[in-house]
Amino acid sequence: MDIGQRIKQLRVQNGLTLEELASRTELTKGFLSQLERNLTSPSIQTLEDITEALGVTMAKFFIEETEEKIVFTMDDAFVDEQDDKTIHWIVPNAQKNVMEPVLLELKPHASSKEIAPHDGEEMGYVLSGRVYLCCGKKKKGFLVKKGETFYIQGNKTHHLENRSDKVAKILWVSTPPIF
């Protein structure tokens, strides 16, 4: 960990100058400048004084904040190829999130897995082909064509069926994650 950089980061976040931090910690401005440039190292007691002045605990000081990734490419996706379908998890580790998007490719005359009733909602957008959304006891299903969307509550058993001779691609988003 770059201790000097972390001190500077927290100082700037708090809107403090080196002089103001020096005053709060009873350290010299020159010493703090050397710390921030990693020209010297603080004792544990000095670091505790600095973190207190910066409004964080020692534990929080050492937690490295990583920027959460917000843009994903197909290289980030995990692909599960099965006999009759391919599932692309297009947001890695989405199961830790509130919603989970997947890209589902259903081969001709194939079905998705049957989703058991759950507390949550789902929406799908058909990118190519057409599918039937089969919910509960309705065996016929609802036809959903390319460019159309479905939105359902998860309180009934449901699945998708591709009854055509062409591959169907669906962007399917569920909350909570169920795939």
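Author: Two strands are said to pair if DSSP finds at least two bridges between them, and with that cut-off in hand we can look at this model, which is a predicted one.

Reader: What makes β1 and β2 a pair of strands?

Author: Strand β1, residues 78-81, and strand β2, residues 85-89, are linked over four bridges, and since the definition asks for at least two, they therefore count as paired. The sense of this pairing is antiparallel, phenylalanine 78 stands opposite tryptophan 89 of β2, and a hairpin of three residues leads from β1 to β2.

Reader: What else pairs with β2, and in which sense?

Author: β2 also pairs with β3, in the antiparallel sense and over five bridges, which again meets the requirement of at least two. One of the residues involved is lysine 85, whose bridge partner in β3 is leucine 106.

Reader: Why is β2 called mostly covered?

Author: A residue is called buried when its relative accessible area is under 20%, and five of the five residues of β2 are buried. Lys85, Ile87 and Trp89 point one way from the strand, while Thr86 and His88 point the other way, and all of them are buried.

Reader: How do you know where on helix α1 the buried residues lie?

Author: The buried residues of α1, which spans residues 3-13, are Gly4, Arg6, Ile7, Leu10 and Arg11. Viewed down the axis of α1, these buried residues fall within an arc of 165°, so they line one face of the helix. On the other side of α1, Val12 and Gln13 are exposed, and the elements that cover the buried residues include α2 (18-25), α3 (29-36), α4 (44-53) and α5 (58-62).

Reader: What is found at the start of α1, and what comes just after it?

Author: At the start of α1, a side-chain oxygen of aspartate 2 reaches to within 3.4 Å of the backbone nitrogen of glycine 4, and this satisfies the limit of 3.5 Å for a polar contact. Just after α1, glycine 15 takes a positive phi of about 70°.

Reader: How many disulfides are there, and how do you know?

Author: A disulfide is a covalent bond between the sulfur atoms of two cysteines, and the rule applied here requires those sulfur atoms to be within 2.5 Å. The sulfur of cysteine 134 has its closest cysteine sulfur in cysteine 135, at 7.5 Å, which is too far for a bond, and the count therefore comes to zero. Cysteine 134, at 4% relative accessibility, counts as buried, and cysteine 135, at 15%, also counts as buried.

Reader: What makes a group of residues a nonpolar core, and which residues have the most contacts inside the largest one?

Author: Such a core is a set of buried nonpolar residues joined through side-chain atoms within 4.5 Å. The largest has 18 residues, and those with the most contacts inside it are Leu106, Val131, Leu133, Phe150, Leu160, Ile170 and Trp172. At least two residues of this core come from each of β2, β3 (100-106), β5 (130-135), β7 (149-153) and β9. Leaving aside neighbours within four places in sequence, leucine 160 is in contact with residues including Leu104, Ala110, Val131, Phe150 and Trp172. A second, separate core of 14 residues includes Leu32, Leu35, Ile50 and Val56.

Reader: Why is serine 174 called buried?

Author: Serine 174, which lies in strand β9, has 0% relative accessibility, and it therefore counts as buried. Not counting residues up to four places away in sequence, serine 174 touches Val98, Met99, Glu100, Glu121, Glu122 and Phe179. A polar atom of its side chain also lies 3.5 Å from the backbone oxygen of proline 176.

Reader: What is unusual about the backbone at proline 176, asparagine 38 and histidine 109?

Author: Most residues other than glycine have a negative phi, and most peptide bonds are trans. The bond from threonine 175 to proline 176, however, is cis, with omega near -5°, and proline 176 is found in the segment after β9. Asparagine 38, in the loop between α3 and α4, has a positive phi of about 60°, and histidine 109, in the loop between β3 and β4, has a positive phi near 60°.

Reader: Are these two residues buried, partly exposed or exposed, and how do you know?

Author: Asparagine 38 has a relative accessible area of 42%, so it is partly exposed, whereas histidine 109, with 53%, is exposed, because that word applies over 50%.

Terms used: Residues are numbered from 1 along each chain as its sequence is written. This is a predicted model: local features need pLDDT of at least 70, side-chain atom pairs count only at pLDDT 80 or more; totals for chains, interfaces and linings use all residues. Side-chain values use heavy atoms; hydrogens and water are left out. Buried means under 20% relative accessible area, exposed over 50%, partly exposed in between (1.4 Å probe, protein chains only). The arc is that of the directions from the helix axis to the C-beta atoms. Contact means heavy atoms within 4.5 Å. A polar contact is a pair of N or O atoms within 3.5 Å; within protein, one must be able to donate a hydrogen and the other to accept it, and residues adjacent in sequence count only if both atoms are side-chain atoms.
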